[in-house]
Protein chains: 2
Amino acid sequence: MKIIENGSITTPKGFKASGVHCGLKKSKKDLALIYSEVKCNAAGVYTNNIVKGAPIYVTKEHLKDGTAQAIIINSGNANTCNGEIGIQDAKAMAYFASFDLHLKPEDILVASTGIIGVPLNLKLIINSCSKLALGLSYDSSDAASAILTTDTRKKECAVSFTLSTGEEVKIGSICKGSGMIEPNMGTMLSFISTDINISKNLLNEALKKSVEKTYNRISVDGDTSTNDMVLILANKLSGNNEITEKNKDYFLFLDALTKLNLIQAKRIASDGEGATKLIECTVCSAPSVTDAITLSKSVINSSLVKTAIFGSDANWGRILCALGYSKINFNPNKISVSFKSTNSEIEVYKEGMGLKFNETKAKEILIQDTIEIIINMNSGNSSATCFGCDLTYDYVKINGDYRS
Amino acid sequence: MKIIENGSITTPKGFKASGVHCGLKKSKKDLALIYSEVKCNAAGVYTNNIVKGAPIYVTKEHLKDGTAQAIIINSGNANTCNGEIGIQDAKAMAYFASFDLHLKPEDILVASTGIIGVPLNLKLIINSCSKLALGLSYDSSDAASAILTTDTRKKECAVSFTLSTGEEVKIGSICKGSGMIEPNMGTMLSFISTDINISKNLLNEALKKSVEKTYNRISVDGDTSTNDMVLILANKLSGNNEITEKNKDYFLFLDALTKLNLIQAKRIASDGEGATKLIECTVCSAPSVTDAITLSKSVINSSLVKTAIFGSDANWGRILCALGYSKINFNPNKISVSFKSTNSEIEVYKEGMGLKFNETKAKEILIQDTIEIIINMNSGNSSATCFGCDLTYDYVKINGDYRS
């Protein structure tokens, strides 16, 4: 598998995209379209939040037959908690887009992100549908911008790999997410395109499995959004024979998809609102993967750990505390804790007690952009890594200080 | 029941206290003693964090017989994650205090609060034990100060009520807690004195029940400390006949104890690190009390709700989101959300949709020191109120910015 430089959602065969400013935001692009020249097998995973954005109901409905051909996305308004009108508006987005694309509305999936509880200004979207369709091209840049909210940068990626039968397959993605992030599924949105030929069932399963290991292992602020969605369109243009069983090629695909989603998930975590550092917390030698995830998430969700990382403080006490209230049982006298960066690693806690360590070396590690916390449970064979970010003044400013 | 003005831990008959500076902190008081002139029935509740401070092991040991006569507390060092040496040090605190007090070490309970993972400087404590014992008086002020860490103020309280048999009973308390607070039990420390005559079992039960409804319903930052403890000493000096069954007088006592603990718990929440506002979130008409607590805690723990309150923003969308990821099932179209202060109330969400509301009136409510969020689930008869505080720049500064 290789990562394609400057790859994006339009890298796989037969995918186009566009993005325009329709007026939901002041001046930035706020309406995007992803389109495949041929019909696709498709799948989606959605937030587990009981409160769900209207688009989720409509997209689930349209995905009942396991196929789709386009995705329309607006930012600036989540179209959530708008009652029955919100659902009608989400349906209307697909309806009006369908004219210009010569598709059935049910072939179009819908997503929204932004503020909750403000009715969607549907007229603005309707008025821009033609412009959106006409703007479709192999340049993904506008679409990648149009889906953002508080993100500071676009998040585009593509990978390629070769099937055992020789065909090259590409997978591409644009995503967004910065605050209100603890995907379970997890407003993080990720759209994935691929030219592989794969059955609906296996596409669905591969999506779920890869999401579990990637987007579901990030937390920016512990607030699982109402609108989280990951959608994948597979348009078969690689020309391979349809993958219908979990053979070698299925696993090649799953592996590449997971790696792509991991890249995107880490970008979301490191672009967390106000974040200055990406935190990767690996819990290893745990009794089970679910235990490892719970322990790891407890650490990256802890306000005290997040602020300590902001302050470049090798504060293992707060890490121990977070592990200790995770509701997973363990013996504090068996575990060890280390901090790690690309070039350096220090152990700070072992078998029940803090260790003396070189403060300068610790500081060098903790001022980096990416900090790894490694926790060895010494009680099994399972491990998991979760991703988060530090808690800074800017998080408070972005979310609480409306004078600024 | 009435609240006693300027009441404290020394208000009930036969209780004394003292507080000194032994050197654990730079200059502030850091060593406290609570003492009863006669032996007491005693009970304790402790953190559920798997990582526990050494004092917890020793205190539990000393409380096996259900009696005690004094409590020694240090601040500035949690004596946690210090291995076997930490446990020995905690035992030594009781041992050395026992000389000057003419008690057995097992009659003395031990508590510590402060930084984790730094060995306790036991010498400093030993050298101050005599001064501490000699300083015992009916003035609680020094003790109340000596137990504090990042608190901005002392937290003292006392109540009195009359038994059906005519005797007056007093209950007093000093407590502390500001950061690393989501008691389950929950470093919050609370020490309670009372002159009531009650059996060990009922004392234990009353403590647990009252803690459930009070300290266990606060969260400052969702980080349940390693050292949380609530201890009660009952020295019988009211002169009533021992309460041995759950009769009218037991419930009078439980009621007064709960009210006292509620006052203290709210003080801890409103003195949360960096807090400018106390948030009281009441979930009512829920199917069960546990559901109501889980829903309420999800709201007060949400970083996005906390920052919105800091910004005086009537952002019900974030409240809906927090309810939605609480893992409690409910129908968003049945619930309503209101904001309330002493003089004013506005409903902002009802039956699936946001309501238009007077922004000025909302602002007037949200700039107050205490803000109530009322959530009506419209699906049962149970309710619960949990307490938290806003998330501000100062929280980040206190916990992450070591340059300051």
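User: How much area do chain A and chain B bury between them, and on which atoms does it fall?

Analyst: Chain A and chain B bury about 4,000 Å² between them, and 65% of that area lies on carbon and sulfur atoms; the figure belongs to a predicted model. On the side of chain A that touches chain B, the residues divide into 22 nonpolar, 23 polar and seven charged.

User: What makes a residue part of that contact, and how many residues does each chain give?

Analyst: A residue is counted because it has heavy atoms within 4.5 Å of the other part, and by that criterion the contact takes 52 residues from chain A and 52 residues from chain B.

User: How many salt bridges and how many polar contacts does the rule find between chain A and chain B?

Analyst: Zero salt bridges are found across the interface of chain A and chain B, while eight residue pairs, both at pLDDT 80 or more, are in polar contact there. Helix H8 (303-310), helix H9 (316-324), strand S13 (353-354) and helix H11 (393-400) of chain A each supply at least two residues of the side that touches chain B.

User: Why is the relation between chain A and chain B called a two-fold axis?

Analyst: A turn of 180° with a shift of 0.0 Å along the axis lays chain A on chain B with an RMSD of 0.0 Å, and that is the relation of a two-fold axis. In chain A, the C-alpha nearest the axis belongs to A:Tyr393, 2.7 Å from it. The same surface serves both copies, since 100% of the contact residues of chain A recur in chain B.

User: Where do the domains of chain A lie, and how many residues does each give to the contact between them?

Analyst: The domain assignment gives domain 1 (2-270) and domain 2 (278-400), with C-alpha centres 32 Å apart. The contact between these domains of chain A takes 14 residues from domain 1 and 16 residues from domain 2. They bury about 1,200 Å² between them, 55% of it on carbon and sulfur atoms, and A:Arg217, A:Ser219 and A:Lys266 supply 46% of the area that domain 1 buries against domain 2, more than any other three residues.

User: Why is the pairing of A:Glu280 and A:Lys266 called a salt bridge?

Analyst: The side chains of A:Glu280 and A:Lys266 meet at 3.1 Å, N to O, and the pair therefore satisfies the rule, which asks for a Lys or Arg side-chain nitrogen within 4 Å of a carboxyl oxygen of Asp or Glu. Across the interface of domain 1 and domain 2 of chain A the rule finds one salt bridge.

Conventions: Residues are numbered from 1 along each chain as its sequence is written. Chains are lettered from A and ligands numbered from 1 in the order in which they are written. This is a predicted model: local features need pLDDT of at least 70, side-chain atom pairs count only at pLDDT 80 or more; totals for chains, interfaces and linings use all residues. Side-chain values use heavy atoms; hydrogens and water are left out. Buried area is the accessible area (1.4 Å probe) that two parts lose on being put together, summed over both. A polar contact is a pair of N or O atoms within 3.5 Å; within protein, one must be able to donate a hydrogen and the other to accept it, and residues adjacent in sequence count only if both atoms are side-chain atoms. Helices (H or I, at least four residues) and strands (E, at least two) are DSSP runs, numbered from the N terminus. Ala, Val, Leu, Ile, Met, Phe, Trp, Tyr, Cys and Pro count as nonpolar, Asp, Glu, Lys and Arg as charged, and the others, Gly among them, as polar. Copies are superposed by least squares on the C-alpha atoms of residues with pLDDT of at least 70 in both. Domain bounds come from an automatic or database domain assignment.
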